Amino acid sequence: MAAAKSTPTDSLSFCLAQLTAAAGEGLGGGKDTATSETPLGRALLALRTRHVKAAGGIERFRARGGLRPLLALLRRAAAAGPAPSQGGAGSAPSSVESAASSGPAPSPGSAPSAASPATASPPARLRKTLDLALSILANCCTEGACRAEVRRLGGILPLVTILQCVKTDSIQNRTARALGNLAMEPESCGDIHCAGAVPLLVESLTACQDSQCRQSVVRALRNLADSPQHRLALAQQGAVRPLAELLAAAPDPALTLALVRALLELSRGCSRACAEQLSLGGGLGPLVGLASHPKRAVREATILILANLCAQGLVRPALGNAGGVEVLLDELRRRRGLNGASPASQQPLVRAVCLLCREAINRARLRDAGGLELLMGLLRDPRASAWHPRVVAALVGFLYDTGALGRLQALGLVPLLAGQLCGEAGDEEEEGREAASWDFPEERTPERAEAGSFRSLQSWLISEGYAAGPGDISPDWSPECCPPPPEPADLTSPTSLRTPRALRPPGRSPTAPAAEEPWGREGPALLLLSRFSQAPDPSGALVTGPALCGLLAYVTGAPGPPSPRALRILARLTCNPACLEAFVRSYGAALLRAWLVLGVAPDDWPAMRTRQARRSQHQHRELGEMLLQNLTVQAESPFGVGALTHLLLSGSPEDRVACALTLPFICRKPSLWRRLLLDQGGLRLLLSALTRPAPHPLFLFFAADSLSCLQGLVSPTGSPAILPAIPLDLDPPSPCLYEPLLGPAPMPAPDLHFLLDSGLRLPAQRAASATASPFFRALLAGSFAEAQMDLVPLRGLSPSAAWPILHHLHGCRGCGAALGPVPPPGQPLLGSEAEEALEAAGRFLLPGLEEELEEAVGRIHLGPQGGPESVGEVFRLGRPRLAAHCARWTLGPGQCPRKRALALVGLVEAAGEEAGPLTEALLAVVMGVESGGKGPNLDC
């Protein structure tokens, strides 16, 4: 078979030559149309079907300079007819027809030809030429280099002119396609907007009936929405409503996809004009229906459009009526259920759902559709922490919905809100005015010019103190509605912590609360907590460990002055009799005292964090004392006495312990605390609970503080001041009676030596040793063999332990020998020579030496150089007198709370399962039985 015959159009050079010639001569060129159109048409057809579509063909066409003549050809066609025809939506301008059929194109300065009303469309030859040229240009503009050159050569304006003049669907289609491709470059997009193409594209969208043409126009509008400014311009020029109307007409699937993609771009950062047009165009219902479209691209784009529309309050009620609330909730629930779904895919839906909570009608739908549970799931999710402030602000909309509040409380909202008070702010953007609730639409009235008399009145009101500034006064102001000016004392310290329980009296200026109620990031959470605290019995939600910890952490840790609303919440809870038992059961009263009065937060125990400034600590102490005083008032009332008695006598074991621990903090009447703690066994109950598993992380800290307070109640006359201790080395030394026996010429001469296991011989006087102890009297002066021996062995005794014994046998008291076997603080006492000496003193029946050794241990380990960690070590020796020393050191009136609690921890660990000695020692100190005894120094 013979090879296909080559044609001139196979050459790119030939096609470019024909294109250049046609561009120079015009569409008519002064020749017969039948002879000049055919080569140009064949060249354009070859360029479109072969040269441009080949691999690298667009780049070769651009490099050979093909864009310049192509644009010149289009420019001549555009310049031939600048005005549209009046014959109908599909008619072409008559000037273009005249230029194409009878003569060359007029110069830019000449007038157009007369219109031919009988012609409804361009001639077929001209239409084919424009179709081919526009198709080639649109294909070339798919590459960035060609788009840049077309813009440089000024090819946008001719396209806009063709769009205006030639109303044939095929030419409109290809022109819109070329403009859509050019709009992919930001610079070209701006030029297309400036050339006025948007109204023409909107007109073409409403006029044409071809689906392909509509898709090209829709795509062009989508690409033109590349920035907020351009999206706003498109909406203001009416580009959204035709799209919505087309969508409502149930178009074919391809056009549906193009429409939803365009609406998605136009609704980003949704403007008021966009929302209004989409609603007026009847697009809300179809969009909600498309949310269940089988095609994923349509479905996801529709969901995002609905989410974007929620930014405009005016359309949210209509969106809810169309079923948008349920659609968005279902989609958010589905995405949260996907294990691999990223938080970024949920962000627009979370924002939309939160905005829907601003209208009452949508809140009702959201509540019925399970939206409250979904929002609570977001608050519990640590991955959604950036959205937590937005979710909390959305829940404020349910502030007066009693049913929703009850449901939220049952779902555990209160502890989550308390945790939000000190959380970090999210990265959410601020919403504009147009996102405000449409339940209270803004009144859009024209501004009225202020009359001179009103300005004079305004100046007088400001000078007299009735208003703080011009913004506080409107032309509708009247003196009858103006409250008296604020008191100066309130303006000087609007955020003082000293008056949280005193609510503002009536008649206060409305400007004062605005200054006193800062609305920060924690404002929504505090508002909801305040609403919960106003319930008749808020104890179940707010008087719990997490809720109280959140409130106290905010009050003490806020970077600035805390909101007075938080202080009022705490005051309201402590003044509510229904909350008394909850404060007792949850150790809330002990927590208030520890955190506010003593300055020890849960995070500070047992390791101390960086201390807060003393300036705020003084205010926190005053707040804590005030709150405890409120609880005292409730506890000492008849209702409180009955409640506490019931808890202590009939409550669960945990409640009875909590009641016994809390009573010293909130009971000041001696008849009450004596009856409950002493007569009815509350104190012993508390002491016996020390060695059991702790019911609260700070239980031992609370217990140490409670026992110290109770000791102050039992012995109120005891001065909290600490007398300076006299170290042992400053005591007047007693003469050593044993030292003369140790010299080279002992006086008197020893008549006895004790032999230790180490082989050391210690000199002694038989008579002095026999009279010092019944043990040695029987050993040295009785019927035992040692009575006749000059060298008496002492088994199981080291030299350091034997040294204080020999001194004591010869009458030494206070010579310092008892300090020898005692190790310094920080070293263990169990297994030390001090323990050995104490054991030997007991074995040899030397009670005086035992007391002296115990005093030496107390002086060294419980003195100024000893710390709370030494208390447990001393207690482990198992000596009753040392146990009393430890109890006095722990519960001393001048001891700092932290050391007291650490010492109690050490005592509990040392006691182990045998709580009896510890209980008796602490009980004796609390009751003052050991108050007359000599105790160690209590230096903090």
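The paragraphs below lead through this predicted model, from the whole chain to some of its helix contacts, ring pairs and loops.

The chain contains 50 helices and three strands, and its length is 940 residues, of which 49% are buried. Among the contacts in the chain with a separation of 6 or more, 73% are between residues 24 or more positions apart. With that overall view in mind, one can turn to particular places in the chain.

A good place to begin is helix α8, which is mostly covered, since eight of its ten residues are buried. These buried residues are I156, P158, L159, V160, T161, I162, L163 and C165. After α8 comes the loop that leads to α9, and V166 is found in this loop, between α8 (156-165) and α9 (169-182). V166 counts as buried because its relative accessible area is 3%, which is under the cut-off of 20%. Although V166 and R127 are 39 residues apart in sequence, their C-alpha atoms are 9.2 Å apart in space.

Another residue to look at is D131, which lies in helix α6, made of residues 124-140. D131 has a relative accessible area of 14% and is therefore buried. If its neighbours within four places in sequence are left aside, D131 is in contact with S170, I171 and R174.

The next step is to see how two helices can meet, and the pair α23 and α25 offers one example. The axes of α23 (residues 371-380) and α25 (residues 402-410) come within 10 Å and cross at roughly 40°, and because of that angle α23 is oblique to α25. The crossing in which α23 passes α25 is right-handed. On the side of α23 the contact is made by L372, E373 and M376, while α25 contributes A404, R407 and L408. Sorted by character, the residues of this contact are four nonpolar, no polar and two charged.

A second example is found with α39 and α41. Here the axes of α39 (residues 670-679) and α41 (residues 699-714) come within 12 Å and cross at roughly 120°, and these two helices are therefore oblique to each other. In this case α39 passes α41 in a left-handed crossing. The residues that meet are W673, R674 and L677 in α39 and L710, L713 and V714 in α41. The residues of the contact of α39 with α41 divide into five nonpolar, no polar and one charged.

Helix α41 also has a part in the next topic, the pairing of aromatic rings. How many aromatic pairs does a search of the whole structure find? The search finds eight, and one of them is formed by Y587 and F699, an edge-to-face pair with 6.2 Å from centre to centre and 85° between the planes. Because Y587 lies in the loop between α34 (580-585) and α35 (588-597) whereas F699 is in helix α41, the pair ties together parts that are 112 residues apart in sequence. Y587 is buried, with a relative accessible area of 5%, and F699 is buried as well, with a relative accessible area of 1%.

Another aromatic pair, formed by F775 and F844, is tilted, with 5.0 Å from centre to centre and 35° between the planes. F775 lies in helix α43 (residues 774-781) and F844 in the loop between α45 (833-843) and α46 (847-861), so this pair ties together parts that are 69 residues apart in sequence. Are F775 and F844 buried or partly exposed? F775, at 29% relative accessibility, counts as partly exposed, whereas F844 is buried, with a relative accessible area of 2%. Ring pairs also link F754, F775, F776 and F844 into a cluster.

The last topic is the backbone angle phi. Most residues other than glycine have a negative phi. Against that background, Y587 deserves a second look, for its phi is near 60°, a positive value in a residue other than glycine. The place of Y587, as its ring pair has already shown, is in the loop between α34 and α35. Phi of L845 is likewise positive and near 60°, and L845 too is a residue other than glycine. L845 has its place in the loop between α45 and α46, and at 44% relative accessibility L845 counts as partly exposed.

Technical notes. Residues numbered from 1 in each chain as written. Predicted model: local features only at pLDDT ≥ 70, side-chain atom pairs only at ≥ 80, totals over all residues. Heavy atoms only, no water. Axes fitted to C-alpha atoms, helices over the stretch in contact; angles between N-to-C directions. Helix = DSSP H or I, 4+ residues; strand = E, 2+ residues; numbered from the N terminus. Parallel < 35°, antiparallel > 145°, perpendicular 65-115°, else oblique. Left-handed = near helix turned anticlockwise from the far one by under 90°. Contact = heavy atoms within 4.5 Å. Nonpolar A, V, L, I, M, F, W, Y, C, P; charged D, E, K, R; others polar. Phe/Tyr/Trp six-rings, centres within 6.5 Å; stacked < 30°, edge-to-face > 60°. Buried < 20%, exposed > 50% of the residue type's maximum accessible area, 1.4 Å probe, protein only.
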